[in-house]
Structures are given as structure tokens and as C-alpha cells.
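Q: I'm new to this one, so could you walk me through how to read it, feature by feature?

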Amino acid sequence: TVGSGSVVMHVGDLDATASRTGTIWSATVEITVHDADHRPLNGATVVGRWSVTGLNSNTCTTGDLGGDGTCVMLFPSLKKGVRSVRLTVVSVTLDGRTYNQTLNHDVDGGSNGTTITIRRP
């Protein structure tokens, strides 16, 4: 019998990096999705919302780039005048699983597991 806890998933880590080229910079966020026992889950579709508008990726699927339970969202070509951006995880979906946002956390304390701020380098 599968208990209700075994179908629950949540964000277990948000890691951000920023890089600069000339007068523009880029923000990258790696998102890790866990099951209730903190094991990484592949195949989860993550939707995020950036705090500023522009050309960016706001959807990714864990495991697609070879990472175990991870996926990446990118906001390239931010103008020098933008001091920081935030990425907020809006939803996580995977057949047979339920996303519980209240369980989100960040193993290294760089965020609250739901929203992360990336500062211009």
C-alpha cells in the first residue's frame, strides 16, 4: 500500500548563479525536486515566474539535462541597470504526485525553497 506521504513532492533546493559579459548579465537557477523522503525526482515539470519581464525560460523538466532531479531556468541578457531578479517557483507537476509547496526548503539556506534572488555580478 502506498501511503499519502510517498506521493508528495516539493522543491528541495534552489541554486543561483550570475555571470556578466560586457554591459549585460545573466541569471541561472538550478531547481531540485524531491519526494517525501528527499530523494530526487526526474520528470517533474517546474514552472517559475521571474520578477522582471524579458526573454527568459520559465519552465523546465527535472532530469532532462542529465541532472538527478534537477532542471535549469535561465534569464539571459539582463541590462546593467537591473540590479537583481527573483525567481519564484509557481508549480511543480508530475503524474501520480502531489506538489506540497509548504514543504519547500533549501538545503544550503540560499533561499526559502520557493523564491530566490539573484544579484547582478
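A: Sure, let's start with one residue: Ser-77 sits in strand E5. Keep in mind that this is a predicted model.

Q: What is the sign of phi at Ser-77?

A: The general idea is that most residues other than glycine have a negative phi. Ser-77 isn't a glycine, yet its phi is positive, about 60°. Another residue to look at is His-38, which also isn't a glycine and has a positive phi of about 65°.

Q: Where does His-38 lie?

A: You'll find His-38 in the loop that runs between E2 and strand E3 (45-50).

Q: Are Ser-77 and His-38 buried or exposed, or something in between?

A: Here a cut-off helps: under 20% relative accessible area is buried, over 50% is exposed, and partly exposed is what falls in between. Ser-77 has 49%, so it counts as partly exposed. His-38 has 45%, so it is partly exposed as well.

Q: Back to E5, then. Which strands make up its sheet, and in what order?

A: In general, strands of a sheet pair through backbone hydrogen bonds, either parallel or antiparallel. In this model, four strands form an open sheet in the order E5-E2-E1-E7, and the pairing is mixed. Strand E5 (70-79) and strand E7 (98-99) are at the edges with a single partner strand each, so each has one side without a neighbour in the sheet.

Q: How many bridges join E2 to E5?

A: Eight bridges link E5 to strand E2 (residues 24-35), and the two run antiparallel. To see one pairing up close, find Thr-32: its bridge partner in E5 is Thr-70.

Q: What about charge on the surface? Which residues gather in a positive patch?

A: Look for Arg-20, Lys-80, Arg-83 and Arg-120, which come together as a patch of positive charge on the surface. Arg-20 belongs to strand E1 (residues 8-21). With 43% relative accessibility, Arg-20 counts as partly exposed.

Q: Is Asn-104 buried or exposed?

A: Asn-104 has a relative accessible area of 10%, so it is buried. This residue lies in the loop between E7 and strand E8 (115-119).

Q: And how far apart are Asn-104 and Gly-69?

A: You can count that along the chain or through space. Asn-104 and Gly-69 are 35 residues apart in sequence, and their C-alpha atoms are 14 Å apart in space.

Note on methods
Residues numbered from 1 in each chain as written. Predicted model: local features only at pLDDT ≥ 70, side-chain atom pairs only at ≥ 80, totals over all residues. Heavy atoms only, no water. Pairing = 2+ DSSP bridges. Patch = residues over 30% accessible without salt bridge, like charges linked within 9 Å, V, L, I, M, F, W, Y side chains within 5 Å. Areas by Shrake-Rupley, 256 points an atom, 1.4 Å probe, with all protein chains shown as cover. Salt bridge = Lys/Arg side-chain N within 4 Å of Asp/Glu carboxyl O. Lys, Arg positive; Asp, Glu negative; His and termini not counted. Charge placed at Lys NZ, Arg CZ, Asp CG, Glu CD. Buried < 20%, exposed > 50% of the residue type's maximum accessible area, 1.4 Å probe, protein only.
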